[in-house]
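Here is a short tour of the model, written for someone who likes to check each contact on screen. Please keep the viewer open as you read.

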Amino acid sequence: MNHDEYSSSWTMSDFLQKSGGYAVIDGGLATELERHGADLNDPLWSAKCLISSPHLIRTVHLDYLEAGADIIITASYQATIQGFKAKGLSGKESESLLQKSVQIACEARDMYYERASECSYDGIGNKRVLNKRPILVAASVGSYGAYLADGSEYDGNYGDTVTLTTLKEFHRRRVQVLAESGADLIAFETIPNKLEAQAYAELLEEDDIKIPAWFSFNSKDGLNVVSGDPLSECASIADSCKKVVAVGINCTPPRFIRGLISSVQKVTTKPILIYPNSGETYDADRKEWVQSTGVSDEDFVSYVNIWREAGASLIGGCCRTTPNTIRAIYKVLSAGSSDAQPSSK
Ligand code: MET
Ligand SMILES: [Zn+2]
């Protein structure tokens, strides 16, 4: 089956079944761009590279695919029409940049498939990596707090003046454009509070968005999402929305993940996704990650079977994880499943 036939008709359960019951999500994109030398100290963060270095974005996507990722997330996390306009771009130019984020990821997937057909050995001992397996492109939507670039994506506190309507109007056009850009799904990531989850759910229904979505929340206490709203209430909103095909957690320290999976599981039977950060803390004032607070790739990976057993079926990494983290996750998961033998997927 070629990818176009696959992606026009995919369902999450079919995708997971074809991938052996689990799927590998990619790792941190923005922090990996930084590791390659990109300067993201800008309100647009990784979206700045859509303008200044699209090839670097493509390279990082490709690195993640070669490390074993089945799902790659676009560089649109902090790409907003409002943010681009603040840089002097027109509405049309802003929308093209959103489309470009998806186009770059699709190009990386095509290049990867091309290489896979030329080469049968992946260098890390398992053919799944270079087989023509289904790969999904997830169009990232970061929160309103990410656009504000003031750290409120990690506290979820937008103040009383920001209402459900504010959030829906803020995201509406961006979501419409991304949904029509050739992506397989929308990844609503790092959702910091219940109000924003509600806004996304209403947008998906009201605008009859044609591709499915996942909702992924972040937590800094292992119990609630970062605003203090109970994770169970946030995940219930995702559960009630027909367009949502997976629910979970991202950009959260590994040590909290197991407990958070259990909370999500109590309110939904939808597949659970998790892509924790490296465990380092982000200092919003200094705009940098505080090293020494994180876990090594080995420690991160020692959690993978625990997360899988706890019920997560989509596993990857967020900020400060790298292709090495993803390669290690991929190895653990493929060793623990019936997929350990090279298959023809
Ligand atoms: C702050 S979470 C960022 C998520 C985004 N997908 C990235 O890796 O860049
Ligand atoms: Zn992150």
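A good place to start is Ile274, which stands opposite Ile315 in β10. Bear in mind throughout that this is a predicted model.

**The sheet**

Ile272 also has a bridge partner in β10, namely Ala312. Strand β7 (residues 272–275) and β10 run parallel and are paired over three bridges. On to β1: Val24 has Ile315 as its bridge partner in β10, and β1 and β10 pair in the parallel sense over two bridges.

These pairings belong to an open sheet of eight strands, with parallel pairing and the order β1-β10-β7-β6-β5-β4-β3-β2. The edges are taken by β1 (23–24) and β2 (71–73), each with a single partner strand, so one side of each has no neighbour in the sheet. As background, strands of a sheet pair through backbone hydrogen bonds, either parallel or antiparallel.

Further along the order comes β5 (213–217), which is joined to β4 by four bridges, with the two strands running parallel. Phe188 has Phe215 as its bridge partner in β5. How many of the residues of β5 are buried? Five of the five are, so β5 is largely enclosed by the rest of the structure. In a regular strand the side chains alternate between the two faces of the sheet. In β5, Ala213, Phe215 and Phe217 point one way, while Trp214 and Ser216 point the other way.

**Helix α11 and its cover**

Helix α11 spans residues 231–240, and its buried residues are Leu231, Cys234, Ala235, Ile237 and Ala238. Around the axis they cover an arc of only 145°, which puts them on the same side of α11. What lies over them includes the strands β4 (185–191), β5 (213–217) and β6 (244–250), together with the helices α10 (194–206) and α12 (254–267).

**Ligand 1 and the cysteines**

Which residues are around ligand 1? They are Gly28, Leu29, Ala30, Ser46, Ile73, Tyr77, Ser140, Glu189, Thr190, Cys251, Cys318 and Cys319. This shell divides into seven nonpolar residues, four polar ones and one charged one.

Three cysteines of that shell, Cys251, Cys318 and Cys319, are also covered by the "binding site" annotation of an unreviewed UniProt entry. They span 69 residues in sequence, yet no two of their C-alpha atoms are more than 6.3 Å apart, so they gather at one spot.

Cys318 lies in the loop between β10 (312–315) and α15, and Cys319 is found in the loop between β10 and α15 as well. Is Cys318 buried or exposed? It counts as buried because 27 C-beta neighbours lie inside 10 Å, and 20 or more is the cut-off for that class. Cys319 is buried too, with 23 other C-beta atoms within 10 Å.

Leaving out residues up to four places away in sequence, Cys318 touches Gly28, Asn250, Cys251, Tyr275, Pro276 and Asn277. Counted in that way, Cys319 touches Gly28, Ala30, Thr31, Cys251, Asn277 and Ser278. Gly28, Cys251 and Asn277 therefore appear in both sets of contacts, and Gly28 and Cys251 are also among the residues around ligand 1.**Two positive phi angles and a helix residue**

Two residues other than glycine have a positive phi, and they are set side by side here.

| Residue | Phi | Location | C-beta atoms within 10 Å |
|---|---|---|---|
| Ala149 | about 55° | loop between α8 (144–148) and α9 (164–179) | 17, partly exposed |
| Asp208 | near 45° | loop between α10 and β5 | 9, exposed |

Finally, Val332 lies in helix α15 (residues 323–335). Val332 is partly exposed, with 18 other C-beta atoms within 10 Å. Leaving aside neighbours within four places in sequence, Val332 is in contact with Val301, Val304 and Asn305. Of these partners, Val301 is 31 residues away from Val332 in sequence and 7.5 Å away in space, C-alpha to C-alpha.

Notes:
Residues are numbered from 1 along each chain as its sequence is written. Chains are lettered from A and ligands numbered from 1 in the order in which they are written. This is a predicted model: local features need pLDDT of at least 70, side-chain atom pairs count only at pLDDT 80 or more; totals for chains, interfaces and linings use all residues. A residue is buried if 20 or more other C-beta atoms lie within 10 Å of its own, exposed if 12 or fewer, and partly exposed in between; C-beta atoms are placed from the backbone. The arc is that of the directions from the helix axis to the C-beta atoms. Two residues are in contact if their C-beta atoms, placed from the backbone, lie within 7 Å. A residue is near a molecule or strand if its C-beta atom, placed from the backbone, lies within 6 Å of it. Ala, Val, Leu, Ile, Met, Phe, Trp, Tyr, Cys and Pro count as nonpolar, Asp, Glu, Lys and Arg as charged, and the others, Gly among them, as polar. UniProt positions are given in the numbering used here, feature names are shortened, and annotations may be inferred rather than shown by experiment. Two strands pair if DSSP finds at least two bridges between them.
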